[in-house]
Amino acid sequence: MPVLKVIRGDCQAKMFELEFDMTVIGRHPKCEVTLEHPAVSRRNTLIEREDDCYFITDLGSHNRTIVNGEPISDRVELCDGDEIQICGYVLQFILQPSHLNDGSIRELVG
């Protein structure tokens, strides 16, 4: 199962499983991936699964979502290793993590 690994930010090295067809990243506590920084929008970014593909969309956030150094305005397909920047956070999209049993994966609660 794909994961997002925080590689920069206050929760560095934390990992989030992308177990749902739709995963919202934002500051709101009901988001599947919560980033607790005031610059992050309540509902900042959406990652959607369609078959075996994953797509990312900015949800109109003030500070925009950046993928591999480029701000996105449309839906973009994610590839293994892509870096997603949301304010001061950088998350890496890992399609097939090999270390699922090391205890560092946080199961998402919908």
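Here are some questions and answers on the strands of this predicted model.

In this model local features need pLDDT of at least 70, side-chain atom pairs count only at pLDDT 80 or more, and totals for chains, interfaces and linings use all residues. Residues are numbered from 1 along each chain as its sequence is written, and side-chain values use heavy atoms, with hydrogens and water left out.

User: Which strands stand at the edges of the open sheet?
Analyst: Strands here are DSSP runs (E, at least two residues), numbered from the N terminus, and two of them pair if DSSP finds at least two bridges between them. The open sheet has five strands with mixed pairing, in the order β4-β3-β5-β6-β9. Each edge strand has a single partner, so one side of it is left without a neighbour in the sheet; that's β4 (33-34) and β9 (76-77).

User: Which residue is the bridge partner of phenylalanine 55 in β9?
Analyst: Strand β6 covers residues 53-58 and runs antiparallel to β9, with two bridges joining them. The partner of phenylalanine 55 is glutamate 77.

User: Which side chains of β10 are buried?
Analyst: Buried means under 20% relative accessible area, with a 1.4 Å probe and protein chains only. Side chains alternate along β10 (residues 83-86): Glu83 and Gln85 point to one face and aren't buried. Pointing to the other face, the buried ones are Ile84 and Ile86.

User: Which residue in the turn between β10 and β11 has a positive phi?
Analyst: β10 pairs with β11 (residues 89-94) in the antiparallel sense over four bridges, and isoleucine 86 sits opposite tyrosine 89. The two strands make a hairpin with two residues between them. The turn residue with a positive phi, about 55°, is cysteine 87.

Methods. Buried means under 20% relative accessible area, exposed over 50%, partly exposed in between (1.4 Å probe, protein chains only).
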